[in-house]
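Student: I have a structure on my screen and would like to learn how to read it. Can we go through it feature by feature?

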Amino acid sequence: MLLRVALFGGKGGVGKSTLACATALRLSEDHKVLLVSIDPAHSLSGILQRDIGHGLCKITENLYVEELSAEDLVEEYTKKALSVIKEMIPTLSSALEEYAKQLKHSPTALETALLDRLVDYFDGNFEFIVIDSAPTGQMVRLFYTMHSIEKWFSFLEKVAQERQKLENFMGRKDNLLELIRDRKDRVEKLMKVLKEKAVIFAVMNEDKLSAQEADSIQKHLQNFRVYKVINKCSSLKEDTIGVPYVENPYGIENLKKLPVEDILRLFRVFNNSQSLD
Ligand SMILES: Nc1ncnc2c1ncn2[C@@H]1O[C@H](COP(=O)(O)OP(=O)(O)O)[C@@H](O)[C@H]1O
Ligand SMILES: [Mg+2]
């Protein structure tokens, strides 16, 4: 059962990937964990010092890691979309092939494919999913895309309802509505999981610009649970989530020693009380 999702966002270079790795490693001591990078500029391989790529890579008994490849994701998503469309309109094959090619170039193809993949993971058997995100702008855009997709499918659902009435009247079977509802349900599920089970860590350091970006994450993602984490912190305070500076935070053994207690504390609270608030 999926207990919680941790998403690390923030300005480039603040330590998102390092904290994501350290948190995932520590959680995997007691739970089955997926650590996934959705930042096209992946760095999990370098930080963990393991050869990771597209496709799940087993790192330890309980820890699986993946660096999602944008090209592969879009390719896989387009194939999936095409097979759904073919099911609906089997006679239009050459036009559909062309449509599928164009779909790859749609401005939100990558975000759509990525969000769709996350839903697959939520349905898997991981207890914790730790997401290493792209820097602030790209991450915020991903959330906005999710809202747009939800609105778009609501619109398509209405269109499909009208079409079904007509098809039924003509005595024909129509599964468009069913297919659209299926897509819509997936986006709604994604939103629900992110709202109810996700903690978004807006990572910053003592630099002012990184603090501004962490503020902007809080502002844009008001409907989600966002906590600021001060990384490479010179003096830890009781009321802030902080991680100190450590020498050489690379490789599994060193990362396991990184003091991410403040971050883990949020998960423990959740496991004990089923609520973070
Ligand atoms: N707590 C820390 N102590 C020391 N160095 C750190 C710490 N966190 C991150 N770093 C270093 O800071 C740099 C950027 O970290 P990284 O996790 O790649 O950032 P991001 O994913 O936000 O771009 C790396 O060289 C990393 O080793
Ligand atoms: Mg990174």
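Tutor: Begin with burial. A residue is buried if 20 or more other C-beta atoms lie within 10 Å of its own, exposed if 12 or fewer, and partly exposed in between, with C-beta atoms placed from the backbone. Take Q49: it has 13 C-beta neighbours inside 10 Å, so it counts as partly exposed. One caution: this is a predicted model, in which local features need pLDDT of at least 70, side-chain atom pairs count only at pLDDT 80 or more, and totals for chains, interfaces and linings use all residues. Residues are numbered from 1 along each chain as its sequence is written, while chains are lettered from A and ligands numbered from 1 in the order in which they are written.

Student: Where is Q49 found?

Tutor: Helices (H or I, at least four residues) and strands (E, at least two) are DSSP runs, numbered from the N terminus. Q49 sits in the loop between α2 (44–48) and β3 (57–60).

Student: What should I look for in the backbone angle phi?

Tutor: Look at its sign. Most residues other than glycine have a negative phi. Q49 is not a glycine, yet its phi is positive, about 60°. K232 is not a glycine either, and has a positive phi of about 55°. K232 lies in strand β7. With 18 other C-beta atoms within 10 Å, K232 is partly exposed. A glycine case is G171, just after α6, with a positive phi of about 80°.

Student: How many helices and strands does the protein have?

Tutor: There are 10 helices and eight strands. The radius of gyration, taken over C-alpha atoms, is 21 Å, close to the 19 Å that the globule rule gives for 277 residues, so the protein is as compact as a globular protein of that length. That rule is 2.2 Å times the number of residues to the power 0.38. Of the 277 residues, 34% count as buried.

Student: How do I read a strand?

Tutor: In a regular strand the side chains alternate between the two faces of the sheet. Try β1, residues 4–10. R4, A6, F8 and G10 point one way, and V5, L7 and G9 the other way. Seven of the seven residues of β1 are buried.

Student: Which strands does β1 pair with?

Tutor: Two strands pair if DSSP finds at least two bridges between them. Five bridges join β1 to β5 (residues 128–132), and these two run parallel. With β6 (residues 198–204), β1 pairs in the parallel sense over six bridges. Use F8 as a guide: it stands opposite D132 in β5 and opposite F201 in β6. L7 has I200 of β6 as its bridge partner.

Student: Is β6 enclosed or open?

Tutor: Five of its seven residues are buried, so β6 is largely enclosed by the rest of the structure. β6 also pairs with β7 in the parallel sense, over five bridges. There, V203 has V229 as its bridge partner.

Student: What about helices?

Tutor: Compare span with length. The expected span of a helix is 1.5 Å times one less than its number of residues. Helix α6 (residues 136–169) has 34 residues and should span 50 Å; its end C-alpha atoms are 50 Å apart, which agrees. Its buried residues include T136, M139, L142 and F143. Among the elements that cover its buried residues are β1 and α5 (109–122). Helix α1 has 12 residues and reaches 16 Å from its first C-alpha to its last, close to the 16 Å expected. In α1, 12 of the 12 residues are buried.

Student: Which residues does V243 touch?

Tutor: Two residues are in contact if their C-beta atoms, placed from the backbone, lie within 7 Å. Not counting residues up to four places away in sequence, V243 touches L19, V229, N231, C233, L258, P259 and V260. V243 lies in strand β8 (residues 241–244). It is buried, with 25 other C-beta atoms within 10 Å.

Student: How many residues surround ligand 1?

Tutor: A residue is near a molecule if its C-beta atom, placed from the backbone, lies within 6 Å of it. By that rule 15 residues surround ligand 1, and the closest are G15, K16, S17, T18 and Y245. Helix α1 gives the most to this shell, with three residues.
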